[in-house]
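The exercises below go through one structure by chain and by element. Work each task with the sequence and the model open, then compare with the solution.

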Amino acid sequence: MSLLQETLAWFSDPAQWSGPTSIPWRIVEHIGYTFFAIVAAAVVAIPAGIYIGHTGRWRKLAVLSTGSLRALPFLGLLTLLALWLGIGPLISIIALAILCIPQLLAGMYSGIDAVDPHAVDASRAMGMTETQIILRVELPLAMPVILGGLRSAVLQVTATATVAAFIGAGGLGRYIIDGLALRDTPRVLGGALVVVLLALLLDGLFALAQRFGARLAYPAAHTAPAVNVLAPSPSPNSRRTTHDQPPTHNS
Amino acid sequence: MIEFRSVGKQFADGTRALADFSLTIPSHSTTVLVGPSGCGKTTLLRSINRMEDPTEGQILIDDHDIARRDPIQLRRSIGYVMQHAGLLPHRRVIDNVATQLRLNGVPKAEARRRSSEMLETVGLGSSLHRKYPSQLSGGQQQRVGVARALVHDPNILLMDEPFSAVDPIVRAELRDELLRLQQELKKTIVFVTHDIEEAFALGDQVVVLKTGGEIAQVGSPVDLLARPAEAFVEEFIGLQQGGRRLRVQDAYGRRIVVDEHGRPAGVLE
């Protein structure tokens with residue numbers, strides 16, 4: 001039997017479709033790890049990103065630390081945490097959260113940073129409070145970049161969450177880690193395929209969300225063109241594309 | 001009435017923008033602050049709505065020290081037009097104009113109705129009200145900026161080089177429009193520019209500033225032309241270059257006004 005046939009056989013085995021080691025359940029686990037890791041990272045990254053983007057303070061430190069966090073090897077981090085705090089899903093989630101903080105943080109502060117300073121200045125001069133400026137001006141206008149950061153964070157965590165199985169957690173990584181240990185190549189291949197499909201699906205969903213965010217921030221680009229198309233429109237935002245996103249990085 | 005009393009401003013890095021600046025700006029008229037870049041005119045303007053706080057001295061609006069007022073409430077009571085219209089790109093024109101009304105707690109429907117009226121007043125028809133700022137020309141965006149600053153009927157209107165980013169034809173149009181509006185509305189306008197032509201066209205009172213916020217002369221355009229206080233003023237208003245030294249010549253029985261190079265500037269009636 002060829003590898004392809006063996007893999008197909010692995011997929012069609014009824015054991016893969018029910019019970020706590022089945023593909024659907026592993027997918028739920030995998031999405032669960034991803035979700036909680038992103039939420040945990042967001043708890044740190046959203047307030048920090050708003051503060052840095054809005055005030056401009058600590059910006060250099062943020063650039064520096066997000067850069068060095070990105071250079072952190074995930075397996076090393078995971079092993080370190082496991083040795084220190086023990087094994088299990090919670091440790092994996094913490095490690096994954098640390099991994100994706102840079103993406104989220106960079107999306108937050110660079111998005112807010114890129115908002116037209118004249119719009120912010122005018123809003124303040126009209127008597128908006130700082131909170132109103134953040135909620136009504138900066139966050140809506142930064143949304144495409146913020147969602148870009150979220151999208152790359154989700155993609156990275158989905159891909160990397162497979163490694164969580166290395167310290168005894170569940171998720172789709174189980175198939176790959178166990179398959180490697182048992183030299184069961186169809187299982188490795190099957191698990192890898194599901195991870196790839198899941199990552200593509202989530203990325204597609206967030207691409208849609210990003211488009212929605214762009215519409216929120218720059219609705220004019222999505223409505224019928226102005227009657228006076230020949231008139232100059234020196235919008236300071238025209239130099240920005242609506243699909244800006246922080247550079248992605250995969251470890 | 002806006003009063004500057006010995007106002008000084010030193011930035012955190014030690015740069016001094018203003019020192020011992022005193023000036024009275026009368027109500028219901030237009031005062032233009034004009035001067036070269038770095039003369040502190042924008043800092044002066046922005047200290048009236050506390051976008052900048054002076055480090056010395058006092059600013060009084062109708063005899064009340066603004067340092068004691070909450071900056072948010074103060075700003076909501078004043079109109080502000082800036083060089084780059086600074087409109088919110090994610091909100092429709094009409095909602096941009098309604099911003100300050102909404103901040104002041106005016107219900108949405110009424111805010112939109114008043115915004116719509118104000119847009120008509122500044123010459124923007126209803127077909128534009130539901131567009132987004134980027135769909136408008138630069139001149140139209142500035143008109144929206146003016147409507148936004150006037151819609152809540154403030155006593156004071158601050159204008160920071162509002163027309164300098166548009167082309168000369170539109171600039172002249174906007175200037176005439178502002179003169180017309182001001183005849184109706186009689187606001188206390190403080191207008192900042194580096195363009196002496198604009199200062200003469202708009203100002204009841206013109207304040208010529210030197211670098212460092214030092215006042216060279218305060219007076220009406222006629223005062224400045226007839227009795228320039230010093231060489232700096234003469235040069236700044238163009239008396240030395242000869243552009244304003246006009247002579248009358250007879251031609252075909254009419255009296256033609258020419259500049260010092262002999263080029264015709266107009267006809268004397």
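**Exercise 1.** What percentage of the 251 residues in chain A do buried residues make up?

Solution. The model is a predicted one. A residue is taken as buried if 20 or more other C-beta atoms lie within 10 Å of its own. By that cut-off, buried residues are 41% of the 251 residues in chain A. The secondary structure of chain A consists of nine helices and zero strands. Among contacts in chain A with a separation of 6 or more, 76% join residues 24 or more positions apart.

**Exercise 2.** Describe the span of chain A that UniProt annotates as a domain.

Solution. The unreviewed UniProt entry lists residues 27–206 of chain A under "domain: ABC transmembrane type-1". In the model, that span is 83% helix and 0% strand. The C-alpha atoms at its two ends lie 18 Å apart.

**Exercise 3.** Which residues have the most contacts inside the largest nonpolar core?

Solution. The largest nonpolar core has 127 residues, and A:L96 and A:C100 have the most contacts inside it. Helix α5 (residues 89–113) of chain A gives this core its largest share, 14 residues. Next, list the neighbours of A:C100, leaving out residues up to four places away in sequence: A:A37, A:I38, A:A41, A:A153, A:Q156 and A:V157.

**Exercise 4.** How many residues does each chain bring to the contact between chain A and chain B?

Solution. Chain A brings 27 residues and chain B brings 24 residues. On the chain B side, α2 (71–76) and α3 (93–103) each supply at least two residues. Sorted by class, that side of chain B has 11 nonpolar, 10 polar and three charged residues.

**Exercise 5.** Are the faces of β7(B) covered or open?

Solution. Start with the count: in strand β7 (residues 156–160) of chain B, five of the five residues are buried. Then separate the faces. In a regular strand, side chains alternate between the two faces of the sheet. B:I156, B:L158 and B:D160 lie on one side, B:L157 and B:M159 on the other, and all are buried, so both faces are covered. Finally, look at the strand partners. Strand β6 (residues 78–81) of chain B pairs with β7(B) in the parallel sense over four bridges, with B:I78 bridged to B:I156. Strand β8 (residues 188–193) of chain B also pairs with β7(B) in the parallel sense, over five bridges, and here B:L157 is bridged to B:I189.

**Exercise 6.** Why is one side of β2 and of β5 in chain B left without a neighbour in the sheet?

Solution. The open sheet has four strands in the order β2-β1-β4-β5 (chain B), with antiparallel pairing. β2 (16–25) and β5 (64–65) of chain B are at the edges and have a single partner strand each, so one side of each lacks a neighbour in the sheet. Further in, strand β1 (residues 2–10) and strand β4 (residues 56–61) of chain B pair over five bridges; B:E3 has B:L60 as its bridge partner. Helix α1 (residues 41–48) of chain B lies across β1, β2 and β4 of chain B, at about 60 degrees to β2(B).

**Exercise 7.** In what order do the strands of the three-strand open sheet of chain B run?

Solution. The order is β11-β12-β13 (chain B), with antiparallel pairing. On average, neighbouring strands of this sheet are turned by 35 degrees against each other, direction ignored. β11(B) and strand β12 (residues 254–258) of chain B pair over five bridges, and B:R247 stands opposite B:V258.

Methods:
Residues numbered from 1 in each chain as written. Chains lettered and ligands numbered in written order. Predicted model: local features only at pLDDT ≥ 70, side-chain atom pairs only at ≥ 80, totals over all residues. Contact = placed C-beta atoms within 7 Å. Nonpolar A, V, L, I, M, F, W, Y, C, P; charged D, E, K, R; others polar. Buried ≥ 20, exposed ≤ 12 C-beta atoms within 10 Å, placed from the backbone. Pairing = 2+ DSSP bridges. Axes fitted to C-alpha atoms, helices over the stretch in contact; angles between N-to-C directions. UniProt positions renumbered as here; feature names shortened; annotations may be inferred. Core = buried A, V, L, I, M, F, W, Y, C linked by C-beta atoms within 7 Å.
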